[in-house]
Amino acid sequence: LPALKVLVFPWIGPLKDLITLAAICAAVILVVQRASASRSQRGDRWVAVGVGVLALLYLVNVGGLEWDIAWAHGFRLATEPLARLLVGMTLSNPHRTLRWAMGSLVATAVFVALVGLFQQVVGMWRLHDYGYEFDLHLRTFHGQLRSFGTLDESFAYAGFLLLGLAAVIIWVRNGVVAVAAGSLIAAGIAVSFVRTALLVGVALLGLWLARRKYAATSVLLIAVAFVTALAILVLSSGAS
């Protein structure tokens, strides 16, 4: 969608919100039908309560922000992913939904990483000719293009690929598939030149080692990542 929005249809951005709204409405219909038929509801009630409380905190604006477009976007961005989680838990077969979601995440991450690697081959000037703009989509790190794949910018790209890498570590069982997908995604993350992605990568490496029963090394890596993240948070608190 971000790529189509930049290159073809500038108005297509809200389409993902309409899809989310349709999914929420479908889930609400299922809940009402089950209630009318006196059937038990699926999902975790405590998760639903937690999501409701968090959404209420955003809605009543406990942060004291201005009641403006920025507040509305913050509310939307915070609640939509959690609403999709509730939708997935509410459906008749949440395990099948999870399998398709994880498969989609891994496959999409591989594709986005391949696009990011292709952008390095093409170069920033040809991408500019395609319609991408400097300081908006095209960013550099010491003169080197920071890949952004099909997304709006390199930081969202790196964040999405890290989610895909986490899915590979947790969900993909086939050794050859896991190595191939993980290697491509890791290469895609590297060409984003997002330095904090390395920190998250260390934590994911610790998670992978934990799945391989290397408990001591896993705890050490995750602890290092956690302490480093806290240090970065403190040192960058005054940055622009």
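**Figure 1. Close-up of E80 and its salt bridge with R84.** In this predicted model, E80 has a relative accessibility of 14% and counts as buried, because the cut-off for burial is under 20%. Its partner R84 has a relative accessible area of 41% and is therefore classed as partly exposed, a class that runs between 20% and 50%. The closest N and O atoms of E80 and R84 are 3.8 Å apart. Both residues belong to helix α4, and about one helical turn separates them because they are four residues apart. Side chains of opposite charge can pair when their charged atoms come close.

**Figure 2. Close-up of the salt bridge between R76 and D17.** A search of the whole structure finds two salt bridges, and the pair formed by R76 and D17 has its closest N and O atoms 3.1 Å apart. This pair links distant parts of the chain: R76 lies in helix α4 (residues 69-90) and D17 in helix α2 (residues 15-36), 59 residues apart. R76 is partly exposed at 24% relative accessibility, whereas D17, at 17%, is buried.

**Figure 3. Close-up of T20 in helix α2.** T20 is buried, with a relative accessible area of 5%. When residues up to four places away in sequence are not counted, T20 touches E80 and R84, the two residues that form the salt bridge of Figure 1.

**Figure 4. Close-up of the largest pocket, with a volume of about 1,700 Å³.** The lining of this pocket consists of 36 residues, of which T20, P81, R84, L105 and F160 are the closest to its centre. Two or more lining residues come from each of the elements α1 (2-7), α2, α4, α5 (94-122) and α7 (154-171). Helix α5 gives the largest share, ten residues. By class, the lining of the largest pocket contains 21 nonpolar, seven polar and eight charged residues.

**Figure 5. Close-up of the second largest pocket, which holds about 520 Å³ of space.** Among the 27 residues that line the second largest pocket, L165, V168, I169, G182 and W208 are the closest to its centre. At least two lining residues are supplied by each of α7, α8 (175-190) and α9 (195-211). The lining of the second largest pocket divides into 18 nonpolar, six polar and three charged residues.

**Figure 6. Close-up of the largest nonpolar core, a set of 25 residues.** Within this core, L161, V168, I185 and I189 touch the most other members. Helices α5, α7, α8 and α9 each supply at least two of its residues, and the largest share, nine residues, comes from α7. V168 is also one of the residues closest to the centre of the second largest pocket. Apart from the largest core lies another core, of seven residues, including M124, Y132, L138 and F148.

**Figure 7. Close-up of I185 and its contacts.** Leaving aside neighbours within four places in sequence, I185 is in contact with V106, A109, V110, A113, L161, G164, L165 and V168. Two of these partners, L161 and V168, are listed together with I185 among the members of the largest nonpolar core that touch the most other members.

How values were computed:
Residues numbered from 1 in each chain as written. Predicted model: local features only at pLDDT ≥ 70, side-chain atom pairs only at ≥ 80, totals over all residues. Heavy atoms only, no water. Salt bridge = Lys/Arg side-chain N within 4 Å of Asp/Glu carboxyl O. Buried < 20%, exposed > 50% of the residue type's maximum accessible area, 1.4 Å probe, protein only. 1 Å grid on protein atoms, 1.4 Å probe; cavity = no way out; pocket = protein on both sides within 12 Å on 5 of 7 lines; lining within 4 Å. Points joined across faces, edges and corners; volume = space filled by probe spheres on them. Nonpolar A, V, L, I, M, F, W, Y, C, P; charged D, E, K, R; others polar. Contact = heavy atoms within 4.5 Å. Core = buried A, V, L, I, M, F, W, Y, C linked by side-chain atoms within 4.5 Å.
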